[in-house]
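Welcome! Open your viewer, get your selection tool ready, and let us walk through this protein stop by stop.

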Amino acid sequence: MKMEQAMPAMADLNTVCGGLGGEDYTTGNASLDDPRNQDGIGEDELLAVSFGTSFNDSRRLTIGAIECALEHAFPGWSVRRAFTSRTIIDRIRRRDGVSIDSVEQALERAAENGVKRLVIQPTHLMNGLEYHDVAAAVAQFAGAFEAVSVGAPLLDSEEDFRVVAGVLAEAAARYGDKRTAVCFMGHGTEAASNAVYARMQRVMAGAGCANCFIGTVEASPGLEEVLAMVKAGDYDRVVLQPMMIVAGDHANHDMAGDGEDAWKTAFAREGYSVECVLKGLGEYQSIQELLVSHARAAVDKLG
């Protein structure tokens, strides 16, 4: 069955930003999201590992959608969830009473359930610090299973960059006028893998997306560099969108918030008309299918 037929319809979270500063925000109904922490796993488990987000709607429409795509693609496997951010796990439990497994808890659950073949598919953007932490945790449990395989992160091969660049280009295409700059905000990392952002900028430029700019909230290129690139052009309007799997805290506050350091505020201060699109990469079917392909390669490694 093709993915187009199997995937459920998903709501579009495109939102014009405004009024999301501080802690007084609505993140959606947590009960609509499946934490996938059930026992009774069976012998084959596919563990989807994400950084996580406490924004319930975005979690369901991004991470949840990726997990559903994995479930449709691998009907003989039990798909379970783990987050790498303990802060997010604790926040969701305190606020919503929902328990989401950490990587260690998920691995313990798999071992206790008698899983024999375990595939871990991260949804992380790159082979960075979080990805290496996942691999290290899995290595400690390797003896508990007959076979273990870890899938590649989202951006691993030339083809991965081509697919993701196509998604970004399509998102920017609706703002095709020459007076609009489209800026994608990534997270950024201290690891060498932070180079994926500059690489994606080159891929986008090579694809003819001259009005698209990529920056990060915690690394380089940062806000000031992105501002400089936009100011070097002849633009009246700026569209901001996360280059992250989820549209969570960074997207809602650091990008679309009302604080003095938010990207929206900075561009508005320079006289631009600013629109924010709160849509994580995980909402796009092409991104879901790309992660499914990485999981399929990891399954194939098991023999």
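The tour below goes from a helix to a pocket, then to a loop and some cysteines. Keep in mind that you are looking at a predicted model.

**Stop 1: helix H4**

Select residues 86–96, which form helix H4. Which residues of this helix are buried? They are Ile-88, Ile-89 and Ile-92. Try looking down the helix axis: these residues cover an arc of only 105° around it, so they sit on the same side of H4. A bit of background helps here. An α-helix has 3.6 residues a turn, so residues three or four places apart point the same way.

Now turn to the face of H4 that points away from the buried side, and pick out Thr-87 and Arg-94, which are exposed there. What do the buried residues of H4 pack against? Show helix H2 (56–61) and strand S2 (78–83), and you have the partners on display. Before you leave, click on Gly-97, just after H4: its phi is positive, at about 70°.

**Stop 2: the largest pocket**

Next, select Phe-51, His-124, Glu-130, His-187 and His-250. Of the 33 residues that line the largest pocket, these lie nearest its centre. H4 comes back here, because it is one of the elements giving two or more residues to the lining, along with helix H6 (129–141) and helix H10 (249–255). Colour H6 in particular: with four residues, this helix provides the largest share of the lining.

How much space lies in this pocket? About 770 Å³. If you colour the lining by residue type, you will find 14 nonpolar, 13 polar and six charged residues.

**Stop 3: Ser-193**

Move to the loop between strand S5 (180–186) and helix H8 (195–206), and select Ser-193. Is Ser-193 buried or exposed? It counts as buried, because its relative accessibility is 15%. Show its surroundings too: leaving aside neighbours within four places in sequence, Ser-193 is in contact with Met-126, Asn-127 and Gly-128.

**Stop 4: the cysteines**

A disulfide is a covalent bond between the sulfur atoms of two cysteines. How many disulfides are counted in this model? The count comes to zero. To see one case, select Cys-183 and Cys-212. The sulfur of Cys-212 is the closest cysteine sulfur to that of Cys-183, yet the two are 8.6 Å apart, too far for a bond. Cys-183 is buried, with a relative accessible area of 0%, whereas Cys-68 is partly exposed at 24%.

How values were computed:
Residues numbered from 1 in each chain as written. Predicted model: local features only at pLDDT ≥ 70, side-chain atom pairs only at ≥ 80, totals over all residues. Heavy atoms only, no water. Buried < 20%, exposed > 50% of the residue type's maximum accessible area, 1.4 Å probe, protein only. Arc of directions from axis to C-beta. Contact = heavy atoms within 4.5 Å. Disulfide = S-S within 2.5 Å. 1 Å grid on protein atoms, 1.4 Å probe; cavity = no way out; pocket = protein on both sides within 12 Å on 5 of 7 lines; lining within 4 Å. Points joined across faces, edges and corners; volume = space filled by probe spheres on them. Nonpolar A, V, L, I, M, F, W, Y, C, P; charged D, E, K, R; others polar.
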